[in-house]
Amino acid sequence: MSFLPTTQQLRDRAQAALDRIGVTVPEGDDLHARSPITGERLFGLRATTTEQAGQAIGEAAEAFRTWRVTPPPARGELVRTLGELLRTHKSDLADLITIEAGKIRSEALGEVQEMIDICEFAVGLSRQLYGRTIASERPGHRLAETWHPLGVVGVISAFNFPAAVWSWNTAVALVCGDAVVWKPSELTPLVSLASSHLLDRAIEQVGAPRELHRLLLADRAVGEQLVDDPRVALVSATGSTRMGREVAPRVAARFGRVLLELGGNNATVVAPSADLELALSGIVFAAAGTAGQRCTTLRRLIVHRDVVDQLVEKLATVYGRLPIGDPFEDSTLVGPLITDSAADAMAAALERAQADGGKIVAGGRRLDTAGGAYVEPAIVRMPRQSPIVRTETFAPILYVLTYDTFEEAVELHNDVPQGLSSSIFTRDQQEAERFLAADGSDCGIANVNIGTSGAEIGGAFGGEKETGGGRESGSDAWRAYMRRATNTVNYSSTLSLAQNVSFL
Ligand code: NAD
């Protein structure tokens, strides 16, 4: 384990990044910024009050009225400017992500790159918000659909992608003509302040309405206010399934729209024909990367009996050498868990798994450091898919299950409440296609010969079942941020009714 920076060094580094971005931290005692690297507090912050939150939603609703009639390519110009500012401040924002979320440097830079990528995607999209022309059954009629801006989008985000999730929603929502009100995780306020400030700068640069984006720096109570406010047309919420279970019925009760991106319990099937070296790299990144704190983290490995011992042995060797420690060190691959309670949840899950007959074959210990919660990623061989294996524990635990037939592998794979990401390592084309087929993986993301994590922004991102069913980011996910109008235009001089109905 490498030496850790001191809290003062982290504070100075965060302050320097904030200064370069141009953010002034609202000082106060309601919330605090802390770093999982040392587990200590960095700054005290003033939170948004419920009154201010209500006002912010009203301001965003007002800004929407101007923005919705701004031509989409002009809206794209705002997002292009945001993308340029993100390029300029890539390293600064990555510093803040490492400091507050504990991500290793390369992953923090990757997160900002993802933000730049979605901005570029959204700029292109601003000229491609296509509707359809539909064949009309009536002579002299034209049938078409038009996509219009939706309104205020409330974004609730999780700690583990403190900036990228916001940008997926915001870049797309802005070109779709919506205003955005953001309630980020209370664990990552500095990243939110910095991201939001970069957008404020872009807004000022292009002369867009100042209130188009509002940041609510607050705890969950203000998140609930966003959920219940009828002026918020869409609530896009990313976080635990517990959160989604609370949010979804409340938004439904007021007939609002939700886009839910909730927990995952992702699995990889390793077939007997798999290239095991390829599988090894894919598995280690997906299972131990980001210290197991991605929604797409690989949590279950379903391996054919013929190769399981060999693969687990190789994995255990690699796990034994994983550099754990200061995420700013270039050699580190595993940074800290976000809080002590995340480490406690990991320890409790490992205990439960062992009580169910599981055997820890690598890692699992908490390292003896003052401050941050550093753990060795664990591999546990399980005799069956017991309830703890079917639960998302947000920590680096990889459960290994064994199968004999492909059908059994798919059954084990799908027999969990969540449905986010999945993959298969195989050189058997028929097996790969069966995994991707209608009766194969039931997840929103299904991959072949790569791991479960690390999606590109070009595809739609999200999952089924308890993952919530939402889709964000690329492909046609933009449609969730707009409302569809079907238009029938009669350019004849006769009023003909559909289905040949006669009247008058
Ligand atoms: P969390 O559910 O504790 O918090 C997420 C956000 O929801 C926070 O901003 C929090 O303040 C807010 N919140 C919580 N309860 C709320 C309520 N009742 N009403 C309104 N807002 C509420 O999640 P977390 O610990 O920050 O993140 C980890 C979880 O997020 C994991 O389960 C992970 O799988 C999931 N996640 C999913 C995706 C995805 O795209 N599917 C992406 C990232 C994280």
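The following dialogue concerns a predicted model of a protein chain.

Visitor: Why is the protein chain called as compact as a globular protein of its length?

Guide: The globule rule takes 2.2 Å times the number of residues to the power 0.38. For 504 residues that rule gives 23 Å, and the radius of gyration of the protein chain is 24 Å, close to that value, so the chain is as compact as a globular protein of that length. Its C-alpha atoms fill a box of roughly 80 × 55 × 35 Å along the principal axes.

Visitor: What share of the residues counts as buried?

Guide: A residue is buried when its relative accessible area is under 20%. By that criterion, 56% of the 504 residues are buried. The chain exposes about 20800 Å², of which carbon and sulfur atoms supply 50%.

Visitor: What makes β11 and β14 paired strands, and in which sense do they run?

Guide: Pairing requires at least two bridges between two strands. Strand β11 (residues 298-304) and strand β14 (residues 397-403) have 5 bridges in the parallel sense, so the requirement for pairing is met. Within this pair, His304 has Tyr403 of β14 as its bridge partner.

Visitor: Why are β12 and β17 described as standing at the edges?

Guide: The open sheet has 7 strands in the order β12-β13-β14-β11-β10-β16-β17, with mixed pairing. Strands β12 (359-362) and β17 (445-448) each have a single partner strand, so one side of each is left without a neighbour in the sheet. From one strand to the next, the twist averages 25°.

Visitor: Which strands does helix α12 touch, and how is the helix directed?

Guide: Contact is a matter of heavy atoms within 4.5 Å. Helix α12 (residues 340-355) packs on the sheet and touches β12, β13 (378-381) and β14, its direction making about 25° with that of β14. Helix α14 (residues 429-436) also packs on the sheet, touching β10 (266-270), β16 (421-425) and β17; its direction makes about 175° with that of β17.

Visitor: Which residues touch the most other members of the largest nonpolar core?

Guide: Leu96, Leu190, Leu301, Leu315 and Tyr319 do so, in a core of 159 residues. Helix α6 (residues 164-175) gives the most to this core, with 9 residues.

Visitor: What does Leu301 touch, beyond residues up to four places away in sequence?

Guide: The residues touched by Leu301 are Thr268, Val270, Ile283, Leu311, Leu315, Leu398, Tyr399, Val400 and Leu401. In the protein chain as a whole, 75% of the contacts with a separation of 6 or more join residues 24 or more positions apart.

Notes
Residues are numbered from 1 along each chain as its sequence is written. This is a predicted model: local features need pLDDT of at least 70, side-chain atom pairs count only at pLDDT 80 or more; totals for chains, interfaces and linings use all residues. Side-chain values use heavy atoms; hydrogens and water are left out. Helices (H or I, at least four residues) and strands (E, at least two) are DSSP runs, numbered from the N terminus. Axes are lines fitted to C-alpha atoms, for helices over the stretch in contact, and angles run from 0 to 180 degrees between N-to-C directions. A nonpolar core is a set of buried Ala, Val, Leu, Ile, Met, Phe, Trp, Tyr and Cys residues joined through side-chain atoms within 4.5 Å. Buried means under 20% relative accessible area, exposed over 50%, partly exposed in between (1.4 Å probe, protein chains only). Accessible areas come from the Shrake-Rupley method with a 1.4 Å probe; for residues, only the protein chains shown count as cover.
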